[in-house]
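Student: I am new to this structure and should be grateful for a close look at a single part of it. Please set that part in the context of the whole chain afterwards.

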Amino acid sequence: MKNPLLILTAITLIALSCNKDTYTTRPKLTFKSVNGSSFGVNQTILFNIEFTDKEGDLQDSVWIQKITRTTGCNNFADRLKIPDFVATSNLKGTLEIGYAVGFNSAAGYPILPQCPIGKNDTCYFRFWARDKQKNVSDTVVSPTIVILK
C-alpha cells in the first residue's frame, strides 16, 4: 500500500516542479494581432503585443524593425519610449504599436516610410522590449504584411 502512495506523491511533486512561472525578470512578449494583412495610403497599421514582467518595470523602450522581402525597398528600424506607469509585481498588459502609411498621420502615429521605387512592399515586423533594469525580452515576429504603393 505504501508503494502506490509513494509513486503518486513522486508524480505530483514532479508535476508541480515542472510548472513554469509565467512571470519572469526578463520581460516576455507574445504577438497577439495586427489589424490587417495589406495597407494602403492613409491607413494605419496597429500591432498588439502582449507582455508579462515579474517586477512590472517594463518602462524603458520597445524596438521595432520592418524587414522587407521586396528587392529595392528599404528596411526600417524604430525605438519607442514606453510611458511611465505605476509598477506592480507580475504585470501583464498589451502594447499597442501603430504606424501610419503614407504622408498624413491623422491618428498621431509615426509615418512608415514607403518603398522608394514605387512597388508594393512585402514585409514583416520584429519587436522586442527592455525594462528599467535593462532586461531585454525575447523577439516576436508579425505575420507577412503588404504595404501597397
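In which loop is the place of Asn 42?

Tutor: The model under discussion is a predicted one. Asn 42 is placed in the loop that runs between strand S2 (38–39) and strand S3 (44–53). The backbone at this position deserves attention: Asn 42 is not a glycine, yet its phi is positive, at about 70°. As for its surroundings, Asn 42 counts as exposed, because its relative accessibility is 51% and the cut-off for that class is over 50%.

A second asparagine may be set beside it. Asn 90 likewise is not a glycine and has a positive phi, here of about 50°. Its place is in the loop between S5 and S6. With a relative accessibility of 40%, Asn 90 counts as partly exposed.

The wider chain gives these loops their setting. It contains one helix and 10 strands. In sequence order, the helix comes at the start of the pattern and the strands follow, giving α-β-β-β-β-β-β-β-β-β-β. The chain has 149 residues, and 37% of them count as buried. Its accessible surface amounts to about 8,800 Å², and carbon and sulfur atoms account for 56% of that area. Sequence separation is also informative: of the contacts between residues at least 6 apart in sequence, 67% join residues at least 24 apart.

One such link between distant parts of the sequence is covalent. In general, a disulfide is a covalent bond between the sulfur atoms of two cysteines. A search of the whole structure finds one disulfide. Cys 73 and Cys 115 form it, with their sulfur atoms 1.9 Å apart. Cys 73 belongs to the loop between strand S4 (61–68) and S5, while Cys 115 belongs to the loop between strand S7 (111–112) and strand S8 (121–130), so the bond ties together parts that are 42 residues apart in sequence. The torsion about the S-S bond is about -90°, and the disulfide is therefore left-handed. Both partners are buried: Cys 73 has a relative accessible area of 9%, and Cys 115 has one of 12%. Cys 123, by contrast, takes part in no disulfide. The nearest cysteine sulfur to that of Cys 123 belongs to Cys 73 and is 8.5 Å away. Cys 123 is buried as well, because its relative accessibility is 0%.

The loop between S4 and S5 also holds Thr 71. Thr 71 counts as exposed, at 66% relative accessibility. Setting aside neighbours within four places in sequence, Thr 71 is in contact with Ile 117 and Lys 119. Thr 71 and Ile 117 are 46 residues apart along the chain, and 9.4 Å separates their C-alpha atoms.

Strand S8 offers a buried residue for study, namely Phe 127. At 0% relative accessibility, Phe 127 counts as buried. Beyond its neighbours within four places in sequence, Phe 127 is in contact with several residues, including Leu 29, Phe 31, Phe 47, Ile 49, Trp 63, Ile 64 and Ile 97. Asp 138, Thr 139, Val 140 and Ser 142 are also among its contacts. One of these partners, Phe 47, lies 80 residues from Phe 127 in sequence, and the two are 9.9 Å apart from C-alpha to C-alpha.

Ile 97, a contact of Phe 127, leads to the final feature, for Ile 97 is also among the residues that line the largest pocket. In general, rolling a probe the size of a water molecule over the atoms shows where empty space is left. The largest pocket holds about 180 Å³ of space. Its lining includes Val 62, Leu 80, Lys 81, Ile 82, Pro 83, Leu 95, Glu 96 and Gly 98. Gly 108, Tyr 109 and Pro 110 also belong to that lining. Strand S5 (76–81) and strand S6 (91–101) each supply at least two lining residues, and S6 provides the largest share, four residues. Sorted by class, the lining has eight nonpolar, two polar and two charged residues.

To return to the part first requested, Asn 42 is an exposed residue in the loop between S2 and S3, with a positive phi of about 70°.

Definitions and conventions
Residues numbered from 1 in each chain as written. Predicted model: local features only at pLDDT ≥ 70, side-chain atom pairs only at ≥ 80, totals over all residues. Heavy atoms only, no water. 1 Å grid on protein atoms, 1.4 Å probe; cavity = no way out; pocket = protein on both sides within 12 Å on 5 of 7 lines; lining within 4 Å. Points joined across faces, edges and corners; volume = space filled by probe spheres on them. Nonpolar A, V, L, I, M, F, W, Y, C, P; charged D, E, K, R; others polar. Buried < 20%, exposed > 50% of the residue type's maximum accessible area, 1.4 Å probe, protein only. Contact = heavy atoms within 4.5 Å. Areas by Shrake-Rupley, 256 points an atom, 1.4 Å probe, with all protein chains shown as cover. Disulfide = S-S within 2.5 Å.
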